[in-house]
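Work through the exercises below with the coordinates open. Each task is followed by a solution in steps.

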Amino acid sequence: MGIRRFAILGTVALGTSLAAFAANAEDVTISVWSLDRDIQPAPNLIKDFNKLNTGIKVEYRQIQFDDVVSEAMRAYSTGQAPDIIAVDNPEHALFSSRGAFLDLTDMIAKSSVVKAENYFPGPLASVTWEGKYYGIPKATNTIALYYNKDMFKAKGLDPNKPPQTWDELVEAARKLTDPAANVYGLAFSAKANEEGTFQFLPWAQMAGGGYDNINTEGAVKALDTWKTIIDEKLASPDSLTRGQWDSTGTFNSGNAAMAISGPWELDRMIQEAKFDWGVALLPVPDIGAERSSAMGDFNWAIFSSTDHPEEAFKVLEYFVSQDDRMFKDFGQLPARSDVAIPPTGQPLKDAALKVFLEQLKYAKPRGPHPEWPKISKAIQDAIQAALTGQMSSKEALDQAAEKIKAVLG
Amino acid sequence: MKRILASVTDGKGFDIGLVLLPLAFLFAMSGLPLVYNVVMSFQEVDMFSLGSIVRPFVGLKNYVDLFAQPETRPILLNTALFVSASIAGQFLIGFGLALFFWMNFPGASWLRGLFLVSWVMPGLVVGAIWNWILSGDFGVLNFFLRETGVIEGNIFWRSDPNYSLWAVIIANIWLGTSFNMILLSVGLSGIPKDLYEAAELDGANALQRFFTITLPMMRSTIGAIVALGLIFTLQQFDLFAGITSGGPNNSSNVTQYWAWDLSFRQYDFAKGATISVIMIVFVMLASVVYVRSTRHEVRG
């Protein structure tokens, strides 16, 4: 019995797999790599796409965050690159500048789905290299100021008037800091990795600096402000070695009254934070000063080595056509200004979203520059040298500017 | 040709083949990457030429550039301090524990086995745990030191440049002590008991017995442990990734972590390779010590 049943099952399985093979024999296979897990966009969109039977079959492979670039490089240099990949936006230029990614400018011009003008300028700039588009922004995010309204009330601050300027932020942090209760005024990350650059660069940009002129007066003032916050212990000294996720964790647990972080915290905060909180735009140096923010998240790109550029672009067009599902189904913000995000029914989350969407208008990409990691490292070292008191802010940023100049050539 | 074939069957060639095979394997598995690494340190390498062997030759430029960087000196000094402090700590505590368990009280071997837990734990897990223990605001270590009155305010082990390297050293000593203890225990048990009996009859006290019998008899074991310790600490990477990421401002950065950071975070593979070459020289020195101290053991 058992054996016969096995034999029948085996025949049926063989038959169906042969049938499936026959049906797909004409299909073009497109391979996609990204770091999205099963609850995130890529694998789900691919599943939906494959159901449409367009004659294009998409295969998905999940890669780990730390491996994206090295894995892609190795695959590309040995001729095994996938057709489509998702890369972190500051690393996009690295590939575009070396011709590893396909120039999509003409395809985008002809496309009825992908329109360059629909995108926020920041994410769009990150896929641009020398005036051409080498990718399509997949999603976007930025940072803003979370604050604990209950603590604001308790310390006599107006919970509806979060700090607007740097001075107000420091002043509020002073009032909110309460060492006896283990409460710091502010939580942020000055870690020696991309997160530190991600958090500091907006401050420099708001004051007229940037990665290519990191030692301007405004940037020095920005770093001095950070130094004041660390020196007066308005933020934990461990901000220097703690990432954004862990830093914001102290806000959720009531050990920090304000936190600078991104929308990726929203779902966790709603679960963990047992208090009333709000989100405000990043404080600026002075009222009326230029706003700026950091821009995060990934871009889609097609490798120039692909055998099926047309089909690969069709797959990307499908992804783009599903952008209105990005927030509802996957909690990610589409990088587009023309996609309306419907309310989620959670008032705190919806209010926060409005602020993040406003902040996104000012988001600037890091770079784009093919040697971004080196530029970033110079900035991280400067932040940490100043915050630990080994150099003055001016000296540290001067040194960073010199290192960056060498990279920029 | 016939002679060669015959030599295989008569045994002599077979023996040579037996030696050549593993040698070839060893060369392919560790020799070639080593050579490749040295070659890479003399070339200009970026991520897209990573797969090819033929690349622009730049001579000693990578070495010159490396030593011109302001962080090179402090990182080399950090490495020296990390290695010597880690080895000293691991060895002294390990030796103390080995002597303690050597007294053979009830349950000694069982307890000694428990110490191995730290050795079998993956480095990244150890790093994550010590990351919490050493946390400035809520870390257990600070709590303990505060309650016992050793310190007044919290020490920010990971974020204060005066302590950050020591934070990793403390974790590394914890990680390596049990290995030292086990090797030293084996060494101790190899000393013939009658030596001590004879010494005791002659009236030597415990301290004299230790310095005239135990230490000299352990010489080769100690040499091997120090050499292995040097190799293991120069390899230590996970703890840096888990606790300080080399920060703040490189105050806890060491060559092995820096090589990784340059290669895989800044994509400067040539410089990463250059640092590795410098490290290889040190590890080779350690290997010589190790081989010299262990060769007496193979007496057949």
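**Exercise 1.** Decide whether R336(A) is buried or exposed, and find its salt-bridge partner.

Solution. This is a predicted model. The relative accessible area of R336(A) is 12%. Buried means under 20%, so R336(A) is buried. Its partner is D323(A), with 3.1 Å between the closest N and O atoms. D323(A) has a relative accessibility of 5% and therefore also counts as buried. For the location, D323(A) sits in the loop between α13 (309-321) and α14 (326-330) of chain A, while R336(A) sits in the loop between α14 and α15 (347-360), so the salt bridge ties together parts 13 residues apart in sequence.

**Exercise 2.** Determine which parts of the structure are joined by the salt bridge between D268(B) and K374(A).

Solution. The N to O distance of this pair is 3.5 Å. D268(B) belongs to the loop between α14 (255-265) and α15 (269-294) of chain B, and K374(A) to helix α16 (residues 372-387) of chain A, so the pair joins two chains. The two ends are then classed by accessibility: D268(B), at 10%, is buried, whereas K374(A), at 23%, is partly exposed.

**Exercise 3.** Describe the salt bridge between D381(A) and K377(A), then place it in the overall tally of salt bridges.

Solution. The side chains of D381(A) and K377(A) meet at 3.4 Å, N to O. Both residues are in helix α16 of chain A, four residues apart, about one turn of the helix. Both D381(A) and K377(A) are buried. Over all chains, the structure has 27 salt bridges. Elsewhere in chain A, a network of salt bridges links D48(A), K51(A), R325(A) and D329(A).

**Exercise 4.** Characterise the packing of helices α4(B) and α9(B).

Solution. Two quantities are needed, because packed helices are described by the angle and the distance between their axes. The axes of α4 (residues 72-102) and α9 (residues 164-189), both of chain B, come within 6 Å and cross at roughly 40 degrees. Angles under 35 degrees would count as roughly parallel, and 65 to 115 as roughly perpendicular. α4(B) and α9(B) are therefore oblique to each other. The handedness of their crossing is right-handed.

**Exercise 5.** Examine the backbone at E130(A), N249(B) and P368(A).

Solution. E130(A) is not a glycine, yet has a positive phi of about 50 degrees. This residue is in the loop between β4 (128-129) and β5 (132-133) of chain A, and is exposed at 69% relative accessibility. N249(B), also not a glycine, has a positive phi near 50 degrees. N249(B) lies in the loop between α13 (238-243) and α14 of chain B, and is buried at 17% relative accessibility. The peptide bond joining G367(A) and P368(A) is cis, with omega about 0 degrees. P368(A) is in the loop between β13 (363-364) and α16 of chain A.

**Exercise 6.** Find the accessibility class of V284(A) and of I16(B).

Solution. V284(A) is in the loop between β10 (277-280) and β11 (293-294) of chain A. Its relative accessible area is 3%, so V284(A) is buried. The C-alpha atoms of V284(A) and W203(A) are 7.7 Å apart, with their positions 81 residues apart along the chain. I16(B), in helix α2 (residues 12-40) of chain B, is partly exposed at 46%. I16(B) belongs to a nonpolar surface patch with F14(B), L18(B), V19(B), L20(B), L23(B) and L26(B), about 690 Å² of accessible area together.

Technical notes: Residues numbered from 1 in each chain as written. Chains lettered and ligands numbered in written order. Predicted model: local features only at pLDDT ≥ 70, side-chain atom pairs only at ≥ 80, totals over all residues. Heavy atoms only, no water. Patch = residues over 30% accessible without salt bridge, like charges linked within 9 Å, V, L, I, M, F, W, Y side chains within 5 Å. Areas by Shrake-Rupley, 256 points an atom, 1.4 Å probe, with all protein chains shown as cover. Salt bridge = Lys/Arg side-chain N within 4 Å of Asp/Glu carboxyl O. Buried < 20%, exposed > 50% of the residue type's maximum accessible area, 1.4 Å probe, protein only. Axes fitted to C-alpha atoms, helices over the stretch in contact; angles between N-to-C directions. Parallel < 35°, antiparallel > 145°, perpendicular 65-115°, else oblique. Left-handed = near helix turned anticlockwise from the far one by under 90°.
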